[in-house]
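Welcome, and please load the model in your viewer. We will go from one selection to the next, with a look at the whole chain along the way.

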Amino acid sequence: METSYETIIIGGGVVGSSIAYHLSERKKEGILVLDQKFPLSGTSGSTQAWVWVHNKTPSWYAEFNMYSAELYPYLSKKIGDVEYKRTGGLSPFFNEADREKALLLAEAYKKIGIKIKVLSREEALEKEPSLNPEVAGATYSSIDGNVNPFRLVDMYMRAAKKNGVQYSTYNKVTEIQKLPGKFIVSSRKGTFVCNNLILAGGTWSRELGKLVDISIPVNQLRGQILVTEPLKPFLHYTISGLRQAFNGEVLIGYSMEEEGFNRATTLDVIQETANMAVHYVPQLKKAKVVRAFSGIRAMPEDGFPILGNIPGIENLYVAATHSGVTLSPLIGTLMTELILDGETSIPIDRYSISRFDLAIR
């Protein structure tokens, strides 16, 4: 393996691999991805994998997600079938007080070009007959959907490798030295030199930041997900909290727990998740749950992506975010523009790490 690269990306999950792929579209040599385990062994392989726009606030953040969701059809044509389905998204509500909130959301989104329809009870049940008849209504967005995260990351990697990107897995980075015009990256399998360094370690971003003496304020949030036996197709839309996969399994869950890197599943959350599913879709009461798993989400302290260069350290970049599946096509595109062109087609100033205190805490 070579030891000198133009760009090294630390982290081979959905964000890191998207950056590698998009960068390799324009610059086919000198890119290395280092992953401490194997891509998909972490967050990217333990997610519901919604491509989700609506319900995200404020509206400028929803707009950012919309731009990325719009890239999915083209991305699928470029890298191959990632089992992306633009199903449309439904977010049910069960009391009239929530209708007012939904109308305000729809009005805010309308100003930025995102169409959210607030459905009546009858309209919601017409779209999704399996919903609880007690539903009061729902918000609906046609741009929402889901994707197979395993195929997505795998296809990113295949396309990147085809363009000359190298991956080194089970290769944890242990030290980073900043020298004039270059970085020296030491890992368990060797030492590498690069001109550009991108920190895309997801849940491990805070630890990576310490290697370059900065604070990357990303915390961990555990999410537990239930998987049913394969069922005949009956859910037409991606619903807040659950979706039906290509093979008929229904994935359920959206818990958010501050448990660090603890990936255990717990009976209380499993019960709450099952109750939520039955409340939304009563016929799931008869479905058998065949497994439960948890994933650790990367969650920046204020909930919004941390993207761009790191002030004061030339050619050092960071890409850390929640909703990595939804945002990966756009983040890969914008980080490539930033590195190669020095500017981005969509402003990312509000996502700069400079909004935080960079001192290590």
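Which backbone oxygen lies 3.0 Å from a polar atom of the side chain of Gln244? Select Gln244 and look along its side chain: the oxygen belongs to the backbone of Gly248. Keep in mind as you go that this is a predicted model.

**Stop 1: Gln244**

Stay with Gln244, which sits in strand β14, residues 242-244. Its side chain has another backbone partner to show you: a polar atom lies 3.2 Å from the backbone nitrogen of Leu235. Gln244 is buried, because its relative accessibility of 7% falls under the 20% cut-off. Now display its neighbours. Leaving aside residues up to four places away in sequence, Gln244 touches Lys85, Leu231, Lys232, Pro233, Phe234, Leu235, Glu249 and Val250. For a sense of distance, draw a line from the C-alpha atom of Gln244 to that of Ser187: these residues are 57 apart along the chain, and the two atoms are separated by 40 Å.

**Stop 2: the whole chain**

Zoom out and colour by secondary structure. You should find 8 helices and 18 strands. The radius of gyration is 21 Å, close to the 21 Å that the globule rule gives for 361 residues, so the chain is as compact as a globular protein of that length. Along the principal axes, the C-alpha trace spans about 65 × 45 × 40 Å. Of the 361 residues, 57% are buried. If you draw the contacts between residues at least 6 apart in sequence, 74% of them join residues at least 24 apart.

Switch on a surface next. The accessible surface comes to about 15,800 Å², with 51% belonging to carbon and sulfur atoms. Colouring by charge picks out 40 positive and 38 negative side chains, and the centres of the two sets lie 5 Å apart.

**Stop 3: Val53 and a cis peptide bond**

Select Val53, in the loop between β3 (50-51) and α2 (59-79). How much of this residue is accessible? Val53 has 0% relative accessibility and so counts as buried. Its contacts beyond four places in sequence include Ala62, Asn65, Met66 and Ala69, as well as Tyr109, Ile114, Ile143 and Asp144. Add Gly145 to your selection: the C-alpha atoms of Val53 and Gly145 are 8.9 Å apart, although 92 residues separate them along the chain.

Now move along to Pro58, which also lies in the loop between β3 and α2. The peptide bond from Thr57 to Pro58 is cis, with omega near -5°.

**Stop 4: Arg99**

Arg99 is in helix α3, residues 96-110. Is its side chain's setting buried or exposed? Arg99 is buried, since its relative accessible area is 16%, under the 20% cut-off. Follow the side chain to the backbone oxygen of Ala136, which it reaches at 2.6 Å. Ala136 is also among the residues that Arg99 touches, together with Phe93, Val118, Leu119, Ser120, Arg121 and Gly137, again not counting residues up to four places away.

**Stop 5: two positive phi angles**

Finish with Asn315 and Ser323. Asn315, in the loop between β17 (306-309) and β18 (316-320), has a positive phi of about 65° although it is not a glycine. With a relative accessible area of 26%, Asn315 is partly exposed. Ser323 lies in the loop between β18 and α8 (324-341), and its phi is also positive, near 60°. At 15% relative accessibility, Ser323 counts as buried.

Conventions. Residues are numbered from 1 along each chain as its sequence is written. This is a predicted model: local features need pLDDT of at least 70, side-chain atom pairs count only at pLDDT 80 or more; totals for chains, interfaces and linings use all residues. Side-chain values use heavy atoms; hydrogens and water are left out. Helices (H or I, at least four residues) and strands (E, at least two) are DSSP runs, numbered from the N terminus. Buried means under 20% relative accessible area, exposed over 50%, partly exposed in between (1.4 Å probe, protein chains only). A polar contact is a pair of N or O atoms within 3.5 Å; within protein, one must be able to donate a hydrogen and the other to accept it, and residues adjacent in sequence count only if both atoms are side-chain atoms. Contact means heavy atoms within 4.5 Å. The radius of gyration is taken over C-alpha atoms; the globule rule is 2.2 Å times the number of residues to the power 0.38. Accessible areas come from the Shrake-Rupley method with a 1.4 Å probe; for residues, only the protein chains shown count as cover. Lys and Arg count as positive and Asp and Glu as negative; His and the chain ends are not counted. The place of a charge is taken as NZ of Lys, CZ of Arg, CG of Asp or CD of Glu.
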